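Good morning, and thank you for making time for this presentation. I would ask you to keep the sequence and the structure in view while I speak.

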Amino acid sequence: MTDADGIELDEDELRAIAGWAAACAERVLALFEQDRPGDTRPREAVDAARAFAAGGRRTNALRRCAWAAYKAAGEAGASAAADAARAASHAAAAAYLHPKASAHQVKHVLGAAAHAARAEELSPGEDPPVDGGTPGWARRHAPPAVVAVLARLPAAPPGGGRPGELIRELDTALRAGG
């Protein structure tokens, strides 16, 4: 399989992935909102992802929400807040997953979960969650569409720092059945 190979990918799968990604990102939105009160861009991205997941259309407004949350990540003061905003950006961008057999697409499927997990890790003064935090939650709540789409893609790519490690760990766990 080469990166140029296409995969089957339907809108119902995109909706399921976007809804799951939004739920992952929402777990850490408060970390961003505590750091940047009044900046609604990440929350708007999560809301837009949820609206798409519920049957809304893929519009330029959805894409703009993803980019706005990404920009908010760059303006965050705390590292945990930045990763929370990146999770929101990935959630909205999940609606635009490409039907290409590229390892890069795995980052689009799992990016919201990985950045939410990283935000939890970076959150000051918090003990690690007993339930496995976002990585454990993401594995337990991944809809069948997430696993089905991952099965059509190559394994997650190397690199990407700690979020990349989290993507690879989650990719391996989901492909192995959770």
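Let me begin with a term: contact here means heavy atoms within 4.5 Å. Please also bear in mind that this is a predicted model.

I shall start with helix α7, which spans residues 133-141. Its buried residues are Gly133, Thr134, Gly136, Trp137 and Ala138. Which elements do the buried residues of α7 pack against? They pack against α1, residues 11-26, against α6, and against α9, residues 161-175.

One of those partners, helix α6, contains Ala116. Ala116 has a relative accessible area of 0% and is therefore buried. Setting aside neighbours within four places in sequence, Ala116 is in contact with Cys24, Ala25, Val28, Ala87 and Thr134. Thr134 is itself among the buried residues of α7.

Ala116 also leads us to helix α5, where Asp83 is found. The two residues are 33 positions apart in sequence, yet their C-alpha atoms are 6.4 Å apart in space. Is Asp83 buried or exposed? Asp83 is buried, because its relative accessible area is 6%. Apart from residues up to four places away in sequence, Asp83 touches His115, Arg118, Ala119, Leu122 and Pro163.

For contrast, consider the loop between α6 and α7, where Pro124 lies. Pro124 counts as exposed because its relative accessibility is 70%, and the cut-off for that class is over 50%. From Pro124 to Tyr70 the C-alpha distance is 22 Å, with their positions 54 residues apart in sequence.

I turn now to helix α3, residues 41-53, and to two of its members. The first I wish to discuss is Ala45, which lies in this helix. With a relative accessible area of 0%, Ala45 is buried. Its contacts, not counting residues up to four places away in sequence, are Cys65, Ala69, Ala88 and Ala92. Ala45 and Val146, by comparison, are 101 residues apart in sequence and 20 Å apart from C-alpha to C-alpha.

Phe52 is also found in α3. Phe52 is buried, with a relative accessible area of 1%. Beyond its neighbours within four places in sequence, Phe52 is in contact with Glu11, Leu14, Arg15, Ala18, Arg57, Arg58, Leu62 and Ala95. For Arg15, which is 37 residues away along the chain, the C-alpha separation from Phe52 is 6.3 Å.

Next, the nonpolar core. The largest one has 60 residues, and which of them touch the most other members? They are Trp20, Val109, Leu110 and Val146. Val109 may serve as an illustration: leaving aside neighbours within four places in sequence, Val109 is in contact with Ile17, Trp20, Leu97, Val146, Val149, Leu150 and Leu153.

Two cysteines have already been mentioned, and a biochemist will wish to know about disulfides. A disulfide is a covalent bond between the sulfur atoms of two cysteines. How many disulfides does the count come to? The count comes to 0. The reason is distance: the sulfur of Cys24 is 19 Å from the closest cysteine sulfur, that of Cys65, which is too far for a bond. For Cys65, the closest cysteine sulfur is in turn that of Cys24, at 19 Å, so a bond is again ruled out by distance. The limit applied is 2.5 Å between the sulfur atoms. Cys24 is, in addition, buried, at 0% relative accessibility.

Finally, the largest pocket. Its volume is about 350 Å³. Of the 14 residues that line this pocket, the closest to its centre are Ala66, Trp67, Ser89, Ala93 and His108. The elements giving two or more residues to the lining are α4, residues 60-75, α5, residues 79-93, and α6, residues 103-122. By type, the lining divides into 6 nonpolar, 6 polar and 2 charged residues.

To close, I would recall two points. The buried residues of α7 pack against α1, α6 and α9. Helices α5 and α6, which hold Asp83 and Ala116 respectively, are among the elements that give two or more residues to the lining of the largest pocket. Thank you for your attention.

Key
Residues numbered from 1 in each chain as written. Predicted model: local features only at pLDDT ≥ 70, side-chain atom pairs only at ≥ 80, totals over all residues. Heavy atoms only, no water. 1 Å grid on protein atoms, 1.4 Å probe; cavity = no way out; pocket = protein on both sides within 12 Å on 5 of 7 lines; lining within 4 Å. Points joined across faces, edges and corners; volume = space filled by probe spheres on them. Helix = DSSP H or I, 4+ residues; strand = E, 2+ residues; numbered from the N terminus. Nonpolar A, V, L, I, M, F, W, Y, C, P; charged D, E, K, R; others polar. Buried < 20%, exposed > 50% of the residue type's maximum accessible area, 1.4 Å probe, protein only. Core = buried A, V, L, I, M, F, W, Y, C linked by side-chain atoms within 4.5 Å.
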